[in-house]
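Here is a short set of exercises to work through with the structure open beside you. Try each task before reading its solution.

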Amino acid sequence: MDLVHELKGLLQPITQPTPLEIKQVLKGIGCTHDRIAPYLSEPDPQSSLPYGRKVILRTDLFEVIVINIPGKTETPVHDHGHSIGCVYVVFGGFINRLYKVGEHSKEPVLQTETRYGQGECLLIDDGLIHSMGNPVQKNMVSLHVYSPPIHDNKLYSSSTGSSPLQISRRNSGNLSSIWAGEKGP
Ligand SMILES: [Fe+2]
């Protein structure tokens with residue numbers, strides 16, 4: 001069965017989704033390179049996003065997105081509005097940099113770095129702030145499910161508290177302004 005139709009059927013019965021419930025769906029669907037290949041997109045030269053981002057399903061409750069991050073590329077630091085969700089690594093891997101914004105500062109401060117490999121899931125709780133970086137030359141592809149669909153998410157400058165973004169193609173200046181108007185993953 002087509003990946004989108006199968007996802008729609010599996011998500012439909014869930015009325016009060018949690019990150020763990022979404023993880024179970026993503027783990028069980030058997031999403032391989034072949035199944036996701038028709039939904040891959042390359043970075044749009046007209047966009048400031050240096051990675052492919054394709055919404056493949058949107059309902060009142062869910063938004064499903066395929067992300068294709070080229071080698072040695074990092075997303076901006078971002079949150080997900082008030083959405084929760086889960087990221088499933090279809091192939092490749094990424095470094096997840098978790099940030100926190102202090103009470104008296106609007107700058108995000110790096111807390112931890114964790115590597116996620118093929119078949120692993122990152123749970124997205126409300127309030128999570130992070131970036132995703134692909135540290136190798138080969139691209140990395142992930143399948144993201146959010147609930148509700150992402151709305152009013154923020155992009156942050158990452159100039160404080162983190163080492164220079166060695167793997168970013170956009171590692172200077174104010175990322176918040178560079179990425180204004182764009183949704184993060
Ligand atoms: Fe994200």
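**Exercise 1. Find how β1 and β2 pair, and place that pair in its sheet.**

Step 1. β1 and β2 pair in the antiparallel sense, over six bridges. Two strands count as paired if DSSP finds at least two bridges between them. The names come from DSSP runs numbered from the N terminus: helices are H or I runs of at least four residues, and strands are E runs of at least two.

Step 2. For one bridge in this pair, take Val 55, whose partner in β2 is Ile 65.

Step 3. Now widen the view to the open sheet of five strands, which has the order β1-β2-β10-β5-β8 with antiparallel pairing. Its edge strands, β1 (52–58) and β8, each pair on one side only. On average, neighbouring strands of this sheet are turned by 20° against each other, direction ignored. For such angles, axes are lines fitted to C-alpha atoms (for helices, over the stretch in contact), and angles run from 0 to 180 degrees between N-to-C directions.

Before going on, a word on the source: this is a predicted model, in which local features need pLDDT of at least 70, side-chain atom pairs count only at pLDDT 80 or more, and totals for chains, interfaces and linings use all residues. Residues are numbered from 1 along each chain as its sequence is written.

**Exercise 2. Work out which side of helix α2 is buried, and what it packs against.**

Step 1. Helix α2 spans residues 19–28, and its buried residues are Pro 19, Ile 22 and Leu 26. They sit on the same side of α2 because they cover an arc of only 65° around the axis. That arc is taken over the directions from the helix axis to the C-beta atoms. Buried means that 20 or more other C-beta atoms lie within 10 Å of a residue's own, exposed means 12 or fewer, and partly exposed is in between, with C-beta atoms placed from the backbone.

Step 2. Look at the face turned away from the buried side: the exposed residues Leu 20 and Gly 28 are there. Gln 24, also in α2, counts as partly exposed because it has 15 C-beta neighbours inside 10 Å.

Step 3. The buried residues of α2 pack against β5 (84–91), β8 (121–124) and β10 (140–147). The helix lies across these strands, β5, β8 and β10, and runs at about 25° to β5.

Step 4. Just after α2, check the backbone of Gly 30, which takes a positive phi of about 65°.

**Exercise 3. Describe the largest nonpolar core and say which element gives the most to it.**

Step 1. A nonpolar core is a set of buried Ala, Val, Leu, Ile, Met, Phe, Trp, Tyr and Cys residues joined through C-beta atoms within 7 Å. The largest one has 30 residues, and Cys 86, Tyr 88 and Val 145 have the most contacts inside it.

Step 2. Two or more residues each come from α1 (3–11), α2, β2 (63–69), β5, β8 and β10. β5 gives the most, with six residues.

Step 3. Leaving aside neighbours within four places in sequence, Tyr 88 is in contact with Leu 26, Cys 31, Cys 121, Ser 142 and Leu 143. Contact here means C-beta atoms, placed from the backbone, within 7 Å.

Step 4. Another core of five residues lies apart from the largest one, and Val 77, Ile 129, Leu 155 and Tyr 156 are among them.

**Exercise 4. Explain why strand β9 is largely enclosed, and list strands that pair with it.**

Step 1. β9 covers residues 129–134, and six of the six are buried, so the strand is largely enclosed by the rest of the structure.

Step 2. Both faces are covered: Ile 129, Ser 131 and Gly 133 are buried on one side, and His 130, Met 132 and Asn 134 on the other.

Step 3. β3 (residues 73–74) pairs with β9 in the antiparallel sense over two bridges, and Glu 74 has Gly 133 as its bridge partner. β6 (residues 94–101) also pairs with β9 in the antiparallel sense, over five bridges, and Leu 98 has His 130 as its partner.

Conventions:
Contact = placed C-beta atoms within 7 Å.
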